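The following exercises concern side-chain pairing, burial and packing. Each task is followed by a solution in steps.

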Amino acid sequence: MNRTDRLYALVEELRAASPRPRSARWLAGRFEVSTRTIERDLAALQQAGVPLYAETGRTGGYVLAKDQTLPPLTITSAEATALAVALHALAGTPFARDARSALQKVLAVMPQRERHGADELAGRVRLAAPARQPAAVPQALREALSMRRVLRLSYSDAQGAATDRCVEPHGFLGGDHWYLIGWCRLRSAVRGFRLDRIQHVETLAETVPPRVLDLAELDTLGWEFVGLDELVKSDRGLSPEA
C-alpha cells in the first residue's frame, strides 16, 4: 500500500472507530508500518485539515471528529467534472471561493478510481478563461452580510456616475449579473448594486439595524426572482428564465 492509499485508509479506519480512539501503535500494526510512520501520517492529515485530535490516558489515542467529515461519496467522474464546470460559472460571485473549497472536499472523499477518472475527464474539458481576474469585492460583501455589518460603497451606475454611499446589506440576487441587495441610506430605499460596478467596499463597525425590506421595489431589475431555497427543493433550474 502506497502512502496516499494509506492516508485514505487511515481516515476511514478512524471514522469507523469514532468516537473510540485508536493508538498509533494499534494503527501501526493494522497497516504493517512503524509507529513513527503512522505518527508522520497522522501529522500530515492534521496539517491537511482533517479533524483529528489526541486523547491522553492509558486507553487514549487518535480520534476523528466524525461530524466534521464526509464519508466516501458514490459520486461518478462525470458528476464531479460537472461540479467543476459549474464552479467556473461562479467566478466573480460571492460564493466562488466557498464553492472551490467544497469541490476540494468532495474530491478528497471520492474513491481513488473515480477521482482519477474525474481528473482524466477534466483534462479533456476546455473553458473560456475570464477576461480579467474577478475583484475581491464579492468575498468582502459576503463576509459583511454574514456579520451583519454596514458597508460603505464606492459605486458607479450604468451611466458611469460615481457615488459613495452607506448600505445595509440584505442579500444577493444572481442571474446574468450578480447584485448586492440592501437598504441604501443615500436613497432611503431598497437598491440593487451590480457587483462588477462596486469600485471599493469598506466594512464598518456598525451593526445592521433590524429593518423589514419590501423586495417588490426590485421589480425595476426586470426579472422574476425566486429564493434559492425554493429552487433547491423543486426541480426548477437555477436560470432566471426557468
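**Exercise 1.** Determine where Glu 39 and Arg 36 lie relative to one another, and how they pair.

*Solution.* Step 1: both residues belong to helix α3, three residues apart, which is about one turn of the helix; helices (H or I, at least four residues) and strands (E, at least two) are DSSP runs, numbered from the N terminus. Step 2: the two residues form a salt bridge, with the closest N and O atoms 3.8 Å apart; the term requires a side-chain nitrogen of Lys or Arg within 4 Å of a carboxyl oxygen of Asp or Glu. Step 3: Glu 39 counts as partly exposed because its relative accessibility is 33% (buried is under 20% relative accessible area, exposed over 50%, partly exposed in between; 1.4 Å probe, protein chains only).

The model is predicted: local features need pLDDT of at least 70, side-chain atom pairs count only at pLDDT 80 or more, and totals for chains, interfaces and linings use all residues. Residues are numbered from 1 along each chain as its sequence is written, and side-chain values use heavy atoms, without hydrogens and water.

**Exercise 2.** Locate the partners of the salt bridge between Arg 185 and Glu 168, and classify the burial of each.

*Solution.* Step 1: the closest N and O atoms of Arg 185 and Glu 168 are 3.0 Å apart. Step 2: Arg 185 lies in the loop between β5 (179-184) and β6 (189-194), and Glu 168 in strand β4 (residues 162-173), so the pair ties together parts that are 17 residues apart in sequence. Step 3: Arg 185 is partly exposed, at 31% relative accessible area, whereas Glu 168 is buried, at 3%.

**Exercise 3.** Repeat the analysis for Asp 196 and Arg 194, then identify the network that joins Glu 168 to other residues.

*Solution.* Step 1: the side chains of Asp 196 and Arg 194 meet in a salt bridge of 2.9 Å, N to O. Step 2: Asp 196 is partly exposed at 41%, while Arg 194 is buried at 14%. Step 3: through shared partners, salt bridges join Glu 168, Arg 185, Glu 206 and Arg 211 into one network.

**Exercise 4.** Which residues of the largest nonpolar core touch the most other members, and which elements contribute to this core?

*Solution.* Step 1: the core has 15 residues, of which Leu 14, Leu 27, Ile 38 and Leu 42 touch the most other members; a nonpolar core is a set of buried Ala, Val, Leu, Ile, Met, Phe, Trp, Tyr and Cys residues joined through side-chain atoms within 4.5 Å. Step 2: α1 (3-17), α2 (24-31), α3 (35-47) and β2 (61-64) each give two or more residues. Step 3: α1 supplies the largest share, five residues.
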